[in-house]
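Visitor: I have a model open and would like to go through its helices, sheets and odd backbone spots. Can you take me through them?

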Amino acid sequence: MTASGGIPGGVVGETFPAIFVTDADGTIVGWTPFAEELFGYRAAETLHRPSAILLPGDGMAGMRTWLRRFSGEERWSGVAEMRHRDGGKIVVHIEATRFLCSAERPGWILRPTPLAGDVARRRSSVLEALVSHFPVAMAIWDRDLRVVWLNEAAQTLRRVFPHYRVGVSLAEPLPGVDVEAARHAMRKVLADGTPMIDREARWKAPDDSEERTLSTSLFRIEGLDGRPLGVCSLALDITNSVARDQLALIREASIRIGTTLDIIKTAQELALLAVPVLADFVTVDLAEAVMADEEAAQRLQGAEPGGPVFRRAGVASIREGVPESVFAIGEPVFVPESSPFARTLASGRSHFEPVFDPPPGGWLDQDPTRAKAVRDSGMHSLIVVPLKARGDILGVTVLTRHDNPAAFTPDDVVVAEELAARAALSLDNARQYTRERAAALALQRNLLPRNLRGGDALDVASHYLPSGTRDGVGGDWFDTIPLAGGRVALVVGDVTGHGINAAATMGRLRTAVRTLSYVGLPPDEVLAHLDDLVVRLSEEDAGADGLPANATGATCVYAVYDPATRRCTMAAAGHPPPAIIHPSGEVGFVRLPSGTPIGVGFGAYQSVELELAAGSVLALYTDGLIETREADLDAGMERLGAVLGGYSLPLDRLCVAVIDAMVGERPAEDDIALLLARTRV
């Protein structure tokens with residue numbers, strides 16, 4: 001109705017004809033049969049009454065909010081919560097058009113469209129028809145987290161998210177479906193109004209028959225009065241998203257590449273990670289200098305005569321048995337000078353052939369074996385990426401596709417380069433660690449005695465097992481020292497720390513112990529002088545601040561056996577107690593007075609003397625033999641006692657058997673030194 005009494009075009013349509021009219025004060029002055037159908041009020045019950053009767057809660061306050069907010073508007077629309085005659089709530093979308101009453105005061109023609117319910121299902125708006133076919137799963141939830149509307153895309157996800165049904169609430173438990181995280185997220189959005197964007201979650205069908213990854217965004221729906229009415233959820237199925245898989249691959253690289261400091265394992269981790277997400281077949285070839293644990297400071301050059309020398313370090317394929325690889329791990333790899341591999345080494349840049357189809361007479365013809373593998377597998381797309389770390393090129397990784405019909409894209413090159421960069425750093429760390437470990441092992445082995453002698457008093461044997469962890473070589477040592485009168489000194493020690501410094505310190509301490517032994521000092525005095533020596537060495541090495549550059553400490557057990565009296569005198573400095581295998585087979589431990597480790601500066605040690613029967617075996621060892629992350633020293637000593645008493649072997653074989661039994665198949669967590677001495681009859 002206009003000033004002339006007509007009805008504005010487009011206000012009353014065939015889709016949602018529920019209409020009511022109010023004057024400028026919000027009083028209802030017009031009511032249609034369809035409005036009666038929607039709200040349950042007959043015309044006689046609404047005419048000349050404030051429209052507040054249609055609003056929940058404090059209806060008068062809500063009506064005043066509308067009048068104040070839209071009094072100057074010609075048209076307005078929005079979502080509102082209204083009330084049915086029976087007290088039920090109706091969420092509607094309202095379109096309003098201003099008109100002039102007879103008194104020339106502006107009033108309103110209002111057309112409410114329900115967002116859910118029987119009326120909504122019978123009469124659909126054009127907008128709803130559009131979003132119903134929207135490819136993103138869309139749903140509207142009320143304040144009780146109950147679905148009041150959803151589109152077709154949401155209905156297709158019911159197998160993994162059964163709550164996508166009109167009338168179903170997230171508060172209702174369904175067997176096999178955990179929605180606690182989704183429920184918490186929706187309630188948070190309802191409470192503070194802050195949208196939640198791109199919330200990724202995996203959903204499984206209750207029968208585990210299907211799994212989907214959804215990226216969900218949540219937005220609060222507010223009424224015309226500013227109150228929250230519910231939540232709108234948009235869920236995008238990203239289960240098969242290439243971009244998502246590539247991002248996940250890069251994230252996973254930091255976890256799966258470089259788990260050890262082994263060069264071959266690190267190269268293989270790179271190859272396995274890229275298959276099949278990025279490529280069908282991947283190889284990792286490293287410079288021979290890298291594989292040989294030598295210094296590789298110079299850059300590899302593809303123009304050298306005969307081509308650079310590689311060795312295969314890693315390979316992976318989607319095909320069982322890796323039939324595409326013509327070189328086994330560890331074998332030399334032939335690289336033609338005109339090949340993409342050589343060009344990548346010369347330029348330091350990646351080579352990208354989305355369509356891999358080498359022309360006749362090219363570099364591939366120089367390598368018939370590789371050419372046959374390319375033809376047989378059907379390789380059609382190629383990426384070659386240099387493995388660069390700290391300015392050096394360590395090798396190359398090659399990625400190809402054959403079963404996957406899609407060609408590589410520039411985005412795939414970026415992902416491959418990111419993986420290669422992370423792998424190269426891990427490979428370089430492994431190379432440096434391996435080189436330093438080899439140097440420390442060589443130093444330690446040169447410092448340890450090669451030929452142990454027990455004279456006429458003892459049969460002796462020893463075994464040393466370096467740590468299998470990243471900590472590196474430690475400073476464990478052992479020694480036998482012939483003394484005057486046929487006596488023999490036995491010593492086992494363990495320097496704190498790992499690496500070359502620990503090995504060098506071990507050599508100094510071993511020399512000092514030998515010197516003190518030749519003087520003829522008893523065990524407790526040998527340890528006291530050794531403690532004083534280490535303290536003075538630390539003071540001499542102190543920096544300007546008075547603190548030692550490298551704090552040095554050690555544990556040690558020192559024993560002297562006299563065959564004439566069969567007496568053995570021993571003392572310990574913070575070291576595990578020696579074990580004795582008696583001729584009867586019984587095993588016991590010598591509980592020595594607790595002394596502080598070498599280098600503390602207290603120097604208070606006590607000797608203990610005991611008699612060893614003929615045929616007794618004295619076992620000295622370092623804590624790596626008995627201590628693990630899962631078991632303390634006491635538990636380890638109990639195991640050692642059982643192992644020592646369980647064998648009847650020559651000493652050299654007994655050493656190996658004991659360490660194998662204590663360590664098992666796992667890498668040693670710390671260096672292990674074991675010295676066995678049997679008293680002669």
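Guide: What follows is a walk through some sheets, helix packing and unusual backbone angles of this model, which is predicted.

Visitor: Start with the five-stranded sheet. What is the strand order, and how do the strands pair?

Guide: The order is β18-β19-β20-β21-β24, the sheet is open, and the pairing is antiparallel.

Visitor: Which strands are at the edges?

Guide: β18, residues 475-482, and β24, residues 608-611, each of which pairs on one side only. On average, neighbouring strands of this sheet are turned by 15° against each other, direction ignored.

Visitor: How many bridges between β18 and β19?

Guide: Eight, in the antiparallel sense, with β19 covering residues 488-495. As a register marker, phenylalanine 478 stands opposite valine 492 in β19.

Visitor: Which strands does α14 touch when it packs on that sheet?

Guide: α14 touches β18, β19 and β20, the last being residues 554-562. The direction of α14 makes about 20° with that of β18.

Visitor: And α15, which strands does that one touch?

Guide: α15 packs on the sheet through β20 and β21 (567-573), and its direction makes about 25° with that of β21.

Visitor: Now the two helices against each other. At what angle do α14 and α15 cross?

Guide: Roughly 140°, with the axes coming within 10 Å. Here α14 is residues 500-519 and α15 is residues 523-540.

Visitor: Why call that oblique and not antiparallel?

Guide: Because roughly antiparallel needs an angle over 145 degrees, α14 counts as oblique to α15.

Visitor: Is the crossing left-handed or right-handed?

Guide: The crossing of α14 and α15 is right-handed.

Visitor: Which residues make the contact?

Guide: From α14, Arg508, Leu509, Ala512, Val513 and Leu516; from α15, Val526, His529, Leu530, Leu533, Val534 and Leu537. By class, the residues of this contact are nine nonpolar, one polar and one charged.

Visitor: Different region. What does β10 pair with?

Guide: Its partners include β6 and β9. β6 (residues 137-142) and β10 (residues 228-237) are antiparallel over six bridges, and isoleucine 140 stands opposite cysteine 232 in β10.

Visitor: How many bridges join β9 to β10?

Guide: Nine, also running antiparallel, with β9 spanning residues 211-222. Leucine 214 is opposite aspartate 237 in β10.

Visitor: What sits between β9 and β10?

Guide: Five residues, the two strands forming a hairpin. Glycine 226 in the turn has a positive phi of about 90°.

Visitor: On to the six-stranded sheet. What order do its strands take?

Guide: β13-β12-β11-β16-β15-β14, an open sheet with antiparallel pairing. β13 (332-333) and β14 (351-353) are the edge strands, each pairing on one side only.

Visitor: How many bridges hold β14 to β15?

Guide: Three, in the antiparallel sense, β15 being residues 381-389. Phenylalanine 352 has isoleucine 383 in β15 as its bridge partner.

Visitor: Which residues of α11 are buried?

Guide: Pro340, Phe341, Ala342, Thr344 and Leu345, in a helix that covers residues 340-347.

Visitor: What do those residues pack against?

Guide: The buried residues of α11 pack against β12 (310-317), β14, α12 (368-377), β15 and β16 (392-401). After α11 comes glycine 348, whose phi is positive, near 75°.

Visitor: Now the backbone oddities. Where is the cis peptide bond that leads into proline 276?

Guide: That bond runs from valine 275 to proline 276, with omega near 0°. Proline 276 lies in the loop between α9 (263-274) and β11 (281-287).

Visitor: Which residues other than glycine have a positive phi?

Guide: Among them are aspartate 208, at about 60°, and valine 322, near 50°.

Visitor: Where are aspartate 208 and valine 322?

Guide: Aspartate 208 is in the loop between β8 (196-204) and β9. Valine 322 is in the loop between β12 and β13.

Visitor: Is aspartate 208 buried or exposed?

Guide: Aspartate 208 has 57% relative accessibility, so it counts as exposed.

Visitor: And how does valine 322 count?

Guide: Valine 322 is at 22% relative accessibility, and buried would need a value under 20%, so valine 322 counts as partly exposed.

Definitions and conventions:
Residues numbered from 1 in each chain as written. Predicted model: local features only at pLDDT ≥ 70, side-chain atom pairs only at ≥ 80, totals over all residues. Heavy atoms only, no water. Axes fitted to C-alpha atoms, helices over the stretch in contact; angles between N-to-C directions. Helix = DSSP H or I, 4+ residues; strand = E, 2+ residues; numbered from the N terminus. Parallel < 35°, antiparallel > 145°, perpendicular 65-115°, else oblique. Left-handed = near helix turned anticlockwise from the far one by under 90°. Contact = heavy atoms within 4.5 Å. Nonpolar A, V, L, I, M, F, W, Y, C, P; charged D, E, K, R; others polar. Pairing = 2+ DSSP bridges. Buried < 20%, exposed > 50% of the residue type's maximum accessible area, 1.4 Å probe, protein only.
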